[in-house]
Every structure is written in structure tokens, then in C-alpha cells.
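Colleague: I have some questions about this chain. Can we go through it on screen?
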Amino acid sequence: MASFNLNEKAESVTLFEKAYQIAPYQIQVLNNLAGSYSFQGDRQKAIKYYQKALEISTNFEEARLNLASVYYNEKQYDKAFDVIEKFNIYNANKRYKKYLIPILAKKINAILIQENDLELSSYLGKKITKGNQLYKLYQVAKENNSSFETEVLALKKDIEK
């Protein structure tokens, strides 16, 4: 960890590769190795090791958040959404909401582009001006056991009122 924290990219990958050879099923080792690759700019390898960690422990929040972040940075917004959507929305991880909101913003933009509905787009532009409002819409979807897209499109009925 010291190499990673000291910004020594190549050395941190080497050390975490050695740790991985010793403990290939230790999720923290996989997460750290993936983080080292991501830090080094090799996002494809980072994705591979985050996925391995999640294969071992589907509830490993750090790997899930980190994987969503890598997908987001790779502009693979749908994959980032699919990964982060597997979280319980009431979890205590402080990074969850911080990562979720920009992913939701990309998701809602994709929905609006697909729908090509200027009236809905204008309405949402006025209704959702803060990240918290976007998060609350997402919460409603989760609580209703519906998709985020379904909840966004359901807002069309509010326009007609």
C-alpha cells in the first residue's frame, strides 16, 4: 500500500501482482491490484480484477464502486449504471451517493435522447436542478420496484396536469 500511496505506480502494480499470486481469492488484494492498474491508466485490467473480486464476493462495496467509477471514466455509462444499481440504496458507504448522482445524470440524459421528447426534457430540466432531486427520483424507482427509466417516463403524466 505504501507504494500506491506514494504515487509509485509501477512498483505498486508489481507488489500487488505478487500479493495476488500468493492470495488470488483475497478480495482486498484484487481490489488493490485493480486500483493500481486503474491508477496506472490500464483500465481494462482494472475492470478485470474488480470483476474477479465481485465474482468472489458480490457484496464487496469497494470493488463495486470502483468498477462503476472505471466504467464511468471510460464513458461506458450504461455499464456504470448496471454495476452501481446493484447496491442497496440505504447503504452507509459515503462514496455511494457521490458516484451514483453523476451516473444517474448520464442515465437520464440517455433516456431523454432516446425519447426525443423536448417537453419532457424541458420539464425535467426545471424539476431536477440538484443531485439530491435526481437521487430522490432514483429512490422512488427502487421503492416502487421499477426501473429508473420507468419512473422518469412516468413524469410525462405530470406535464399533462
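**Helix packing and a few side chains**

Modeller: Start with one helix pair: the axes of α5 and helix α7 (residues 94–115) come within 11 Å and cross at roughly 30°. The model is predicted.

Colleague: Which hand does the crossing of α5 and α7 have?

Modeller: The crossing is left-handed.

Colleague: And which residues make the contact?

Modeller: From α5 there are E62, L65, N66, A68, S69 and Y72. From α7 there are R95, Y96, Y99, P102, I103 and K106.

Colleague: How do the residues of that contact divide into nonpolar, polar and charged?

Modeller: Seven are nonpolar, two are polar and three are charged.

Colleague: Staying with α5, is V70 buried or exposed?

Modeller: V70 sits in α5, which covers residues 61–73. Its relative accessible area is 2%, so V70 is buried.

Colleague: What is V70 in contact with, apart from its neighbours in sequence?

Modeller: Leaving out neighbours within four places in sequence, V70 touches S38, R43, A46, I47 and Y50.

Colleague: How far apart are V70 and A92 in space?

Modeller: They are 21 Å apart, C-alpha to C-alpha, with their positions 22 residues apart in sequence.

Colleague: Over to α7. Is K107 buried or exposed?

Modeller: K107 is in helix α7. It counts as buried because its relative accessibility is 18%, and the cut-off for buried is under 20%.

Colleague: What does K107 contact?

Modeller: Once neighbours within four places in sequence are set aside, K107 is in contact with D78, F81 and F148.

Colleague: New topic, rings. How many aromatic pairs are there?

Modeller: The structure has seven aromatic pairs. In one of them, Y20 and Y49, the ring centres are 5.3 Å apart and the planes are at 80°, so this pair is edge-to-face.

Colleague: Where do Y20 and Y49 sit in the chain?

Modeller: Y20 is in helix α2 (residues 9–22) and Y49 is in helix α4 (residues 43–56). They are 29 residues apart, and the pair links distant parts of the chain. Both residues are buried.

Colleague: Which residues form a cluster with them?

Modeller: Y37 joins Y20 and Y49 in one aromatic cluster.

Colleague: What lies over the face of Y135?

Modeller: K97 does, at 4.5 Å from the ring centre.

Colleague: Now the backbone. What is phi of N116?

Modeller: Phi is near 50° for N116, a positive value in a residue other than glycine. N116 is in the loop between α7 and α8 (118–127). With a relative accessible area of 65%, N116 is exposed.

Colleague: And what about phi of N145?

Modeller: N145 has phi near 55°, again positive in a residue other than glycine. Its loop runs between α9 (131–143) and α10 (148–154). N145 counts as exposed because its relative accessibility is 74%, where exposed means over 50%.

Colleague: Last, the chain as a whole. How many helices and strands are there?

Modeller: There are 11 helices and zero strands.

Colleague: And what box do the C-alpha atoms fill?

Modeller: Roughly 65 × 25 × 25 Å, taken along the principal axes.

Colleague: What share of the chain is buried?

Modeller: Buried residues make up 37% of the 161 residues. As for contacts with a separation of 6 or more, 53% are between residues 24 or more positions apart.

How values were computed:
Residues are numbered from 1 along each chain as its sequence is written. This is a predicted model: local features need pLDDT of at least 70, side-chain atom pairs count only at pLDDT 80 or more; totals for chains, interfaces and linings use all residues. Side-chain values use heavy atoms; hydrogens and water are left out. Helices (H or I, at least four residues) and strands (E, at least two) are DSSP runs, numbered from the N terminus. Buried means under 20% relative accessible area, exposed over 50%, partly exposed in between (1.4 Å probe, protein chains only). Contact means heavy atoms within 4.5 Å. Axes are lines fitted to C-alpha atoms, for helices over the stretch in contact, and angles run from 0 to 180 degrees between N-to-C directions. A crossing is left-handed if the near helix is turned anticlockwise from the far one by less than a right angle, and right-handed if clockwise. Ala, Val, Leu, Ile, Met, Phe, Trp, Tyr, Cys and Pro count as nonpolar, Asp, Glu, Lys and Arg as charged, and the others, Gly among them, as polar. Rings of Phe, Tyr and Trp (its six-membered ring) pair if their centres lie within 6.5 Å; planes under 30 degrees apart count as stacked, over 60 as edge-to-face and the rest as tilted. A charge sits over a ring if NZ of Lys or CZ of Arg is within 6 Å of the ring centre and within 35 degrees of the ring normal.
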